[in-house]
Amino acid sequence: MASIFSRIIAGEIPCYKVAENEQFFAFLDINPLAKGHTLVVPKLERDYIFDLDDKMLQDYILFAKKVAAAIMQVIPCQRVGLAVIGLDVPHAHIHLVPLNTANDINF
Ligand code: 5GP
């Protein structure tokens, strides 16, 4: 069965899309740690980020970097934190979370 993120990518479940290319899809987290909290997901469904091959991993981090730069254009923040957690959804994803030192976010 397709993961919930594959169903979001396919348009079966609504989301607020942030960015997309041939390989990756970025959308707002439904339960954000901070305004602009974005999930970046490979369209290829793999359980864990290190299940991706080296080339895709390289493309993935570069795509996430572009998305983080775009987030910084619209969400005032000191930096965009990056986390790989993956406890709930078994489809690789990177969390991008706008951060300010005043925020008290525990990943
Ligand atoms: P993790 O697997 O890294 O622990 O967390 C999965 C993340 O996916 C959570 O932050 C959760 O809020 C988010 N999430 C789970 N289901 C959905 C959904 O249907 N839509 C969106 N936009 N985010 C989701």
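Analyst: A residue is buried if 20 or more other C-beta atoms lie within 10 Å of its own, exposed if 12 or fewer, and partly exposed in between, with C-beta atoms placed from the backbone. This is a predicted model: local features need pLDDT of at least 70, side-chain atom pairs count only at pLDDT 80 or more, and totals for chains, interfaces and linings use all residues. Residues are numbered from 1 along each chain as its sequence is written.

User: Is Leu82 buried, exposed or partly exposed?

Analyst: Leu82 sits in strand 4. Strands (E, at least two residues) and helices (H or I, at least four) are DSSP runs, numbered from the N terminus. Leu82 has 15 C-beta neighbours inside 10 Å, so the class is partly exposed.

User: Which residues does Leu82 contact, leaving aside neighbours within four places in sequence?

Analyst: A contact needs two C-beta atoms, placed from the backbone, within 7 Å. Beyond four places in sequence, the contacts of Leu82 are Ala64, Ile94 and Leu96.

User: What separates the C-alpha atoms of Leu82 and Leu99?

Analyst: Along the chain, Leu82 and Leu99 are 17 residues apart. In space, their C-alpha atoms are separated by 9.9 Å.

User: How confident is the predictor in the protein and the complex, by mean pLDDT, ipTM and pTM?

Analyst: pLDDT is the predictor's confidence in each residue, from 0 to 100. Of the protein's residues, 94% reach 70 or more, and the mean pLDDT is 94. For the complex, the predictor gives an ipTM of 0.99 and a pTM of 0.95.

User: Which residue carries the UniProt feature "active site", and where does that residue lie?

Analyst: The annotation comes from an unreviewed UniProt entry, which places "active site" at His93. UniProt positions follow the numbering used here, feature names are shortened, and annotations may be inferred rather than shown by experiment. His93 lies in the loop between strand 4 (79-83) and strand 5 (94-99).

User: Is His93 buried or exposed, and which residues does His93 touch?

Analyst: There are 25 other C-beta atoms within 10 Å of His93, so this residue is buried. Not counting residues up to four places away in sequence, His93 touches Phe5, Leu39, Val40, Val41 and Gly86.

User: Why is strand 3 largely enclosed, and which residues point each way?

Analyst: Strand 3 covers residues 38-42, and 5 of its 5 residues are buried, so the rest of the structure largely encloses this strand. In a regular strand the side chains alternate between the two faces of the sheet. Here one side has Thr38, Val40 and Pro42, and the other has Leu39 and Val41.

User: How many bridges join strand 3 to strand 2, and how many to strand 5?

Analyst: Pairing needs at least two DSSP bridges between two strands. Both pairs run antiparallel: Ala26 stands opposite Val40 of strand 3, and Thr38 has Leu96 of strand 5 as its bridge partner. The count is 5 bridges to strand 2 and 3 to strand 5.

User: How many residues lie between strand 1 and strand 2 in their hairpin?

Analyst: Strand 1 (residues 17-20) pairs with strand 2 in the antiparallel sense over 3 bridges. Lys17 is bridged to Phe27, and Glu20 stands opposite Phe25. The two strands form a hairpin, and the residues between them number 3.

User: Which elements give two or more residues to the shell around the ligand?

Analyst: The shell holds 15 residues, the closest being Ile30, Asn31, Ile85, Leu87 and Asp88. To be near, a residue needs its C-beta atom, placed from the backbone, within 6 Å of the molecule or strand. The elements are helix 1 (4-9) and strand 2 (24-28).

User: Is Leu33 buried, exposed or partly exposed?

Analyst: Leu33 belongs to the loop between strand 2 and strand 3. Its C-alpha atom lies 17 Å from that of Lys17. Leu33 has 17 C-beta neighbours inside 10 Å, so it counts as partly exposed.
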